[in-house]
Amino acid sequence: MYSKKVKLRFVFVIVFLILIVLTTFTVLKVLKDNVVYFKSPSEINLLSEISNKKIRVGGMVKKDSVMMNNNKINFIITDFKNELYVTFSGTVPNLFEEEKGVVAEGFLNDKKFLVADKILAKHDENYMPPEVKKSLGE
Amino acid sequence: MIISQLGYYSLIFGLLTSIFIFLNSSIQLKKNILVISDKSIGLIGFQFFFVFISFISLIFSFIISDFSNETVYNNSHTTKPLFYKITGTWGNHEGSLLLWLLVLTGVLLGFVFKSRNEPNNYRLLTILFHQITVIGFFIFVLKTSNPFNAIFPVQMEGLGLNPILQDPALGIHPPILYLGYVGTSIIFSAALASMISNYVNKSWAKNIKFWILFSWIFLTGGILLGSIWAYYELGWGGFWFWDPVENVSLMPWLSLTALLHCIVTLEKRELFKKWTIVLCIITFALSMVGTFLVRSGILNSVHTFANDPSRGIYILTFILVLVLLSFVIFVIYENKNFTQKSEIFTLSKETAVLINNWFILYFLSVVLIGTIYPIFLDVILDEQISVGPPFYNKLILPFLIPFVLFMSIGPSMKWIKTNFKFGAKSFFVIIFTLILSFITVYYIGEKNIFILLLFIGFFYLLLKSLDQFREKTKNFAQIFSHTGFSLLLISILLNSFSSREIVKNIQVGESFTLKNEKIIFKKIAIEKEKNYESVVGFFEILDDKNTIINLQPEIRIYNEPEMATSEASIKTTLFKDRFITINIIKDQNFFNVRYQHKPFMIWIWISTLIIMLGGMFAIFRKNKEVNI
Amino acid sequence: MQFLEKIKKSIFSLIILIFLIISFFVFKFALQKEKIYSPKISENQIFTDFEVVGLIEEKQINFYEVLSGKNFYLINIWSSWCEPCKDESEYLLELKKNTPVMMIGINYKDNKKNALNFLKLYGNPFDQIFIDKQGTISINFGAYGVPETFLINEENKVLKKYIGPLNDEDVYEIKNITNN
């Protein structure tokens, strides 16, 4: 009925569509696996289970909570309602200081303990990460 | 004071000139007077001149620290070195938009001169469309971000420039990047004009190719400078973080690269007409979205305080208007002039370009999704997330292998139809690739088969590109940029797989080891400079041959505004960078020290320069037959 | 066939259009959402305590201590280099005269000499003035710029927030709230 060319074109379109759908799904799947959610200590307190996914926690570094030795820095993140113990070995940003805003990225051991592999801060001291401000504001 | 006034009125005159040019060219088109007289070229020159005067007066206000100007007051300080007073001009919102406007009017002037042999209705239409963008930006600057606002009473001292921006690479980064970004605007205007004037053909391609190359080279350079800055200033030793602000400059680069390949095909074979036009529009839209995302404060960038949402909404609406306009024009004129040859898939250069475009488009979509998905999720579901490097790595790396394979064989294909001969030479190249890859993988101790495949692909591209040097008709543009690209990929891969680092909290006098090297923290010293004080750590590195390398990382405490930055100390050799940073935490005796081995860092910069060199070859050899 | 082609094309165009418009609105909301991002104190919210330094007597004090003993407090962020602040000062003077409100000024990114000159020239409506040289306190308030005014009750709750200079209506509203 149709010419060879039309048929070929049809096959091509089908293959193309399938490819697009497949890529979309892969992209979404990878996206879902690789996003890092942001939580405040209080939100962590409300979690029903501890997932093994990476999270970011934001809040203030509690006063007098920073303890340092050769390999580790331990401190407490607080949102003035709940607290979270953080242990971290790695580089701290320039603006890491007690009673300043901080974001720690890592894995939860339980609701009170985070093993961080990254500490983030912004380049401006006037600045507080928006998520932190949000969790403090709530 | 008077200088600011001069700058301000010059801007207003600029706007008036733009409106006049806009009206004038519409009338000419309507009455079908298709000439571009010296007078109208003069007007475009004047328009540029006015913006130029305005820009110079802003620079001058910065140099003499005229604190009656709000922009100067907010972003400068008398103790700042002259160089940073000047770069401070475009280190802020208002100034950078003025720079944007300067480039925008500058490229139009350049276009008018460079297109003297083109049909006049095409030129007039390009001027007309370009004026829409120009007027939009004039109004944006004057209405929401006037760089010449006066404050009274005049202040004695300014508030200073963010110390993190006081850096030579970042000083010249914005102008270079903007030349790239804004260069795409003329491509956009010309694409719309060519569609309406039915001029999407070989000579149009030849004409616009210069501007594509122009934007592409500067954008590449801008991205390079940004990466270099991130490498030594942010103190992590990384050069690319998949940070939204970086992605925003990568996206137009990707679509420009695709466009560059298309335009050559259009020039040679009159193919991909529609697609080329679409790419022109996409490229410009991405550049605009980039400005929007960085300037509006939706993304968290270095620029922080009090972002006024009205600015963002203005740019956003403006982008929408421009995109809709081009969309409508595209739909109307799509059928009228695209008599296209049917595209049949054969083994040819056209097909290779098409496949290259698909891949690039895929990479572009991945970056786009990763960048805007968090914004969408935040608005729709009120969840704050961030998309990390694994997302990009997983989705981009596997596809790089087929991509580089096509890139390797594409250039040796012929237009229309290629007969592949698989001779002894190809066999030799493959064997050589395999040997090189196995040695490399063995050397860095990676057992992953996927890594091996990546290396095979990258080395194959490198050897195939180098192989072309032996051909009779050499195309240096293509050879250089492809060689540079393969070198870049290889260096990045080597860098990411054999970087070593150690982080320790130590006191003065203590030491630690990384591989065979001993790192000794000798002492600290406090030094005073004009605009900062610094704590310098003196480190000695003893390598396995007992040679001593001295590194002196610093922590700088700037005075205006008060802020600490850490300056990495880097020892560069041909194969390895040694990178050290220190940090202090208030009220603690320990210094937080990070020491890294970063192999092949310098090759990442060099290979990017080679890529740019390729682009320059294409510009300067444009009269000769150029293939891709 | 041609008809099909046409339909295909218009559907395609429609999808792109819808996508563009959705993106526009998402970005627009993202822009406005920034208000949550920026550390803004919205109305009916209590803000946390912080330390302030006085303009005239440069001594440090907790802001909560300042906010005691009155039913209402009016916080005004101003600067000597800000043109609208000059016009605003007569409204502030009027409020000081006719309401039982405690007037607190936050002097934003200014220097002392100019600030004191400004007060001499246009009158001093404030009971207490604190300095904000770096602009950080104003960030805590979530101010966009100068001038900006907050009305706070004895529970440290923000009742009203005025962006830009006060006008007749605002003054009337403040009088109404505070005199009841």
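**Figure 1. The largest nonpolar core of the predicted model comprises 151 residues.** Within this core, the residues with the most contacts are B:Leu101, B:Ile187, B:Ile212 and B:Phe458. Helix H8 of chain B, spanning residues 202-233, makes the greatest contribution, supplying 17 residues to the core. A second core, of 39 residues, lies apart from the largest one. Its members include A:Phe75 and A:Ala104 as well as B:Tyr558 and B:Ile580. The model shown in this and the following views is a predicted one.

**Figure 2. Close-up of the surroundings of B:Ile187.** B:Ile187 is one of the residues with the most contacts inside the largest nonpolar core. Leaving aside residues up to four places away in sequence, B:Ile187 touches B:Ile208, B:Trp211, B:Ile212 and B:Ser215. The remaining residues touched by B:Ile187 under this criterion are B:Cys280, B:Thr283 and B:Phe284. B:Ile212 thus appears both among the neighbours of B:Ile187 and among the residues with the most contacts inside the core.

**Figure 3. An open sheet of four strands in chain B.** The strands are arranged in the order S2-S11-S10-S9, and their pairing is antiparallel. Strand S2 (500-506) and strand S9 (569-572) of chain B form the edges, each pairing on one side only. From one strand to the next, the twist averages 10°. Strand S2 of chain B is joined to strand S11 (residues 591-599) of chain B by seven bridges, and the two run antiparallel. Within this pairing, B:Lys504 has B:Val593 in S11(B) as its bridge partner.

**Figure 4. The hairpin formed by strands S5 and S6 of chain B.** Strand S5 (residues 532-542) and strand S6 (residues 548-551) of chain B pair in the antiparallel sense, with four bridges between them. B:Glu540 has B:Asn550 in S6(B) as its bridge partner. Five residues separate the two strands of the hairpin. In the turn, B:Asn546 has a positive phi of about 65°.

**Figure 5. Domain arrangement in chain B.** Chain B is divided into domain 1 (1-166), domain 2 (198-335 + 355-399) and domain 3 (500-602). A distance of 43 Å separates the C-alpha centres of domain 1 and domain 3 of chain B. Eight residues from domain 1 of chain B and nine residues from domain 3 of chain B take part in the contact between them.

**Figure 6. Confidence of the prediction along chains A and B.** Chain A has an average pLDDT of 76, with 84% of the residues scoring at least 70. Among the elements of chain A, the mean pLDDT is lowest in helix H3 (residues 130-137), at 46, and highest in strand S5 (residues 83-88), at 89. Residues 122-138 of chain A have a pLDDT below 50; this stretch nevertheless has 40 contacts in the model beyond near neighbours in sequence. For chain B the mean pLDDT is 87, and 94% of its residues reach 70 or more. Confidence in chain B is lowest in strand S8 (residues 563-567), with a mean of 77, and highest in helix H2 (residues 38-63), at 94. The pLDDT is below 50 over residues 301-306 of chain B, a stretch with 15 contacts beyond near neighbours in sequence.

**Figure 7. Fold of chain C, with six helices and seven strands.** Along the sequence, these elements follow the pattern α-β-β-α-β-α-β-α-β-α-β-β-α. Of the 180 residues in chain C, 34% are buried. Among contacts in chain C with a separation of 6 or more, 75% are between residues 24 or more positions apart.

Definitions and conventions
Residues numbered from 1 in each chain as written. Chains lettered and ligands numbered in written order. Predicted model: local features only at pLDDT ≥ 70, side-chain atom pairs only at ≥ 80, totals over all residues. Buried ≥ 20, exposed ≤ 12 C-beta atoms within 10 Å, placed from the backbone. Contact = placed C-beta atoms within 7 Å. pLDDT = per-residue confidence, 0-100. Core = buried A, V, L, I, M, F, W, Y, C linked by C-beta atoms within 7 Å. Pairing = 2+ DSSP bridges. Axes fitted to C-alpha atoms, helices over the stretch in contact; angles between N-to-C directions. Domains from an automatic or database assignment.
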